[in-house]
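Here is a structure to explore together. Please have a look at it first, and then read on for a guided tour.

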Amino acid sequence: MSFISIRSVTKSFTKGKTTITPLEDLSLDVTKGEFLALMGPSGSGKTTLLNLVAGIDSPTHGELTIDSRNIAGLSRAELTRWRAKHVGYIFQLYHLVPILSAYENVELPLLLGKFSKSERKEKIMAALDLVGLTDRAHHRPSELSGGQEQRVAIARAIVHDPGLLVADEPTGDLDRESADSILALLNQLAGEHNKTIVMVTHDPKAAASAHRTLHLEKGQLIEQNLQS
Amino acid sequence: MLPFTYALRNLFRDPSRLAQTVGGSALVVLLLIAAVALNEGMDSVLSASGSSKNVILVGKGSEESIERSEVHLDAESAAATSIRGLDGRLGTTAVSGEIYYQAPLETESGHKDQALLRGVLEKALLVHTKVRLLEGHFPGPGEVMVGHLAHRKLGVDADELSLGMPVKFGDSRFIISGVFAAPGTVLESEIWFDRNDLATLTQRDTLSAIIIRLDSAELDDVQVFSLQRNDLELAAMGEDVYYSKLGVFYQPIKIMTWVTAALVSAGALFGGLNTLYAAFAARIQEMATLQSIGYTRFALLVSLIQESLLATLTGTLIACLIAYFLLDGRTVPFSIGTFTLTLSPQVIFTGLITGSLLGTIGTLPPAFRCLLPPLPKALRSA
Amino acid sequence: MKLLSLALKNLTRHRLRSLLTIMGVAAGMFLYSSVQTMQESLSGATEMNANDTTLVVYRENRFCPSTSRLPEHYLETIKRIPGVNEVLPIQIVVNNCGASLDVIAFRGVPPESLKQYNPDIKIESGSYEQFMKRSDAALIGKHLAQKRGLSAGDKFEAVGVNVYVAGIISSDAAQDENVAYVHLPFLQQASKIGLGIVTQFNVKVDSVNQLDSVAGKIDETFESDQQPTTTRPEKAFFAETAKQMIELIGFTQWLGIGAVLAVLGLVANAVLLIVRGRVKETAILQTLGYSRFAIAKIVVLEGLLLGLVGGATGVLGALGFFHFKAFTIGNEGLTLALSPSPTVLLSGISVSLTLGLLASLYPAWKATSRPLVQSLSH
């Protein structure tokens, strides 16, 4: 049974007088614990696909099943609740809240659940430990480097133990060294912690560190590259 | 729900925006408090001045203004004897014929200004039951009694109208024999003369009005009297009705006050909305990120409102403090008397409601704009 | 000109912000123009000019018309004083002496003298003959008629006086447009003052330099009489009598200043927000070749436009409001019509333009003061 099952999914929207269809009749399976990379030129629909999988957008037609739940027909409110439990999102520009410390940023997903203060502390420190930033817990984003910020963002994305991680150009704004350590971290999360990761990237090196790479062009899957 | 510290810290993100929101809401609340206090002050002094137990007899056609009224002297004794059930004390019926006059009065220092003069006899105290002598005695010939707020109406210091000081009406000199209080009424701004003195001074052989205090009698009984004695050409009305009618004249000035408050508030509001729209627009991406984590738009809205309320209620507090130090207890002279601005519970409550509304309803339009866009688009906005 | 079209496009891009700012400016300028209208109307009534040849003879030490009772026979004595051209006895009955917006004033004059004394009076509707014919006839000033919705032929009751509207009049003399002229004997009886008593005499002198000497002579004549008089030029009389009204209007000056400050702050805030939101765009324009001065000009133009549109809306709104509502303030029997004038329009527009300019100066400077590289990476 696939962790992510996409069946004949189409996404279209109208912009003024024109109708744009970034994805047309797309089908795809992703197994649990797989690290998948999506590549393609701009306008290919890779970010649209990512948003659908992350539950940030809904398909116009088709089925989208994640961890045995069909999320295609959920309302905005239901999707919000689903995301809080099942998804961690990693952005290219980190999107940390500037007025909160690293600790407080990582805490945000846990406040949506019913955890006591001590339970939260335990989980947050565990997440920060995993990304190697326990000594920076009380620093604000402005006091961290780009690489460190992205690691805080990853800690935030995993602290509530979601099954799925979604990453939109996670290394796009980092230098080579930081990028490599982030990719190693993602691999570790997929391999050791069985997280399913879907990543959009422009960087062939980043794609190389994933288990499988899919190429999209004009809303269609055209090529698959399998790595070990 | 988002933690409260998030809302609190967001306030200090942009100190100039915070200053503007606090200052703007302080201004709006202060204006509203001032307008309400002014309204209330005017209304309460007018309503307190007239008693429902008193009936005024004026010359027919002069119901709107006692100054122009002419009542024959005979009417006083006629009313006292013909109407049954009037109040009285020690054999004297509570029927007071009075002369009302507005004329310039000069104080010792040479300051001259329009004053409210009332010519009375001692039985006036039977009718104006709120009047209490603070010091001295009722005026005899050559003497006057001043209300303790009369100095505000004349625009002089209180000691110029204290016991023993002289005042001049035209060429005639009078000594202040007493100071009285009549809390919350327009009477406190008046200067009371012996009726015969005032009659001579103003060359009147008629009264302005007769004020009657009822016991078991009713307004109808007085009206019947005025109809029976058609020759006297009298009109009867309740004293409270007379004063409430006067309130209608001041409606336009009240409207002017409210319109000013509304216009300046509108300016402040529009400026505040502009600032809020800009401030929230800069946070669309952040709001979208929080939504992607799993926070509902309702939770975000609550946090935004918390932020605004903190600012507007701080502004409200500042406004109340300013109002307390600058406005509370201030006496404002107007045509027929002086009223006091009071920060009554009602006034404070109005201020609080306004501040709360500013923080809640005022935040909604910019907040909606910030939270409504679809997530994918919002995540990309810089 | 292309800078102007750029500025305009910028403003229409953020329609809501521009609209809010314009409405705020309109509100502020409405207040300012209202205050200006009041101030102007007042100075028109109290400041002397070369055409003023009227004196008002009033009871000494009295202000409210019901307290000024002069014997009508003074008329003959006054007429004989050298320098006196014409004398008109007037009995005034008013519904309220305190400063108020809802004042009804009746002026009782000898009907045959009215036209002769005041030839500027124009009959807008109805007729002078009708006025002469009926003893209870009244000529209503057009301001008063508009306020009360009166036309020729109506019956009108106020202050205990019942009149028949014989005509609606207009005149250059401001007082005329707010009052109801009735027959003197009729008013003396209807108000129960009694025949033979009047409130005041309006005296026309031969030339403006004789005002003071004639006034002095009149007061001297009646000094030791039962009803001594105080005689002053009409405008001075207004200034000294309507003290409460003058105080009230004087106070509104502060409101005018407050309104101006509020508008300044509002436009400055709006333009600052505009500038802050366009840092990158401004930098791009600069790299394209627009000078710092050109950028500053665009910002200033935006401020000017906001000030102009908002100001025009507010000023015209106020003028229209006063024109259609015909407000009159009364005090001690004197009335002041609050009428808009072209001066108020001009001053309002120029003030809002100036405010728009001043408010944009700091933001314009701020827009171009950052190093280019910094702005591009914003």
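In chain B, the centres of domain 1 and domain 2, taken over C-alpha atoms, are separated by 47 Å. The bounds of these domains come from an automatic or database domain assignment.

Before going further, please keep in mind that this is a predicted model: local features need pLDDT of at least 70, side-chain atom pairs count only at pLDDT 80 or more, and totals for chains, interfaces and linings use all residues. Residues are numbered from 1 along each chain as its sequence is written, while chains are lettered from A and ligands numbered from 1 in the order in which they are written.

**Two chains with two domains**

Chains B and C each have a domain assignment, shown in this table.

| Chain | Domain 1 | Domain 2 |
|---|---|---|
| B | residues 4-48 + 250-380 | residues 61-232 |
| C | residues 2-46 + 245-376 | residues 61-227 |

Within chain B, eight residues of domain 1 are in contact with nine residues of domain 2; contact here means that the C-beta atoms of two residues, placed from the backbone, lie within 7 Å. On the domain 1 side, two or more residues come from each of helix H2 (15-49), strand E13 (331-334) and strand E14 (337-340) of chain B. Helices (H or I, at least four residues) and strands (E, at least two) are DSSP runs, numbered from the N terminus. H2(B) gives the most to this side, with three residues. By class, the side has four nonpolar, four polar and no charged residues. In this scheme Ala, Val, Leu, Ile, Met, Phe, Trp, Tyr, Cys and Pro count as nonpolar, Asp, Glu, Lys and Arg as charged, and the others, Gly among them, as polar.

Now turn to chain C, where 44 Å separate the centres of domain 1 and domain 2, taken over C-alpha atoms. Here 14 residues of domain 1 of chain C are in contact with 19 residues of domain 2 of chain C. The elements giving two or more residues to the domain 1 side are helix H2 (15-46), helix H10 (243-276), strand E13 (328-331) and strand E14 (334-337) of chain C. The largest share of that side, four residues, comes from E13(C).

**Where the chains touch**

How many residues of chain B are in contact with chain C? There are 35 of them, and they meet 39 residues of chain C. Strand E4 (95-107) and helix H9 (251-281) of chain B each supply at least two residues of the chain B side, and H9(B) gives the most, with 15 residues.

Chain B also touches chain A, with 15 residues of chain B in contact with 15 residues of chain A. Helix H1 (4-11), helix H10 (284-293) and helix H14 (375-380) of chain B give two or more residues each to the chain B side. The largest share, six residues, comes from H10(B).

**A sheet in chain A**

Chain A has an open sheet of four strands in the order E2-E1-E4-E5, with antiparallel pairing. Strand E2 (18-30) and strand E5 (69-70) of chain A stand at the edges with a single partner strand each, so one side of each has no neighbour in the sheet. Strands pair if DSSP finds at least two bridges between them, and strand E4 (residues 61-66) of chain A pairs with E5(A) over two bridges. A:Thr65 stands opposite A:Asn70 in E5(A).
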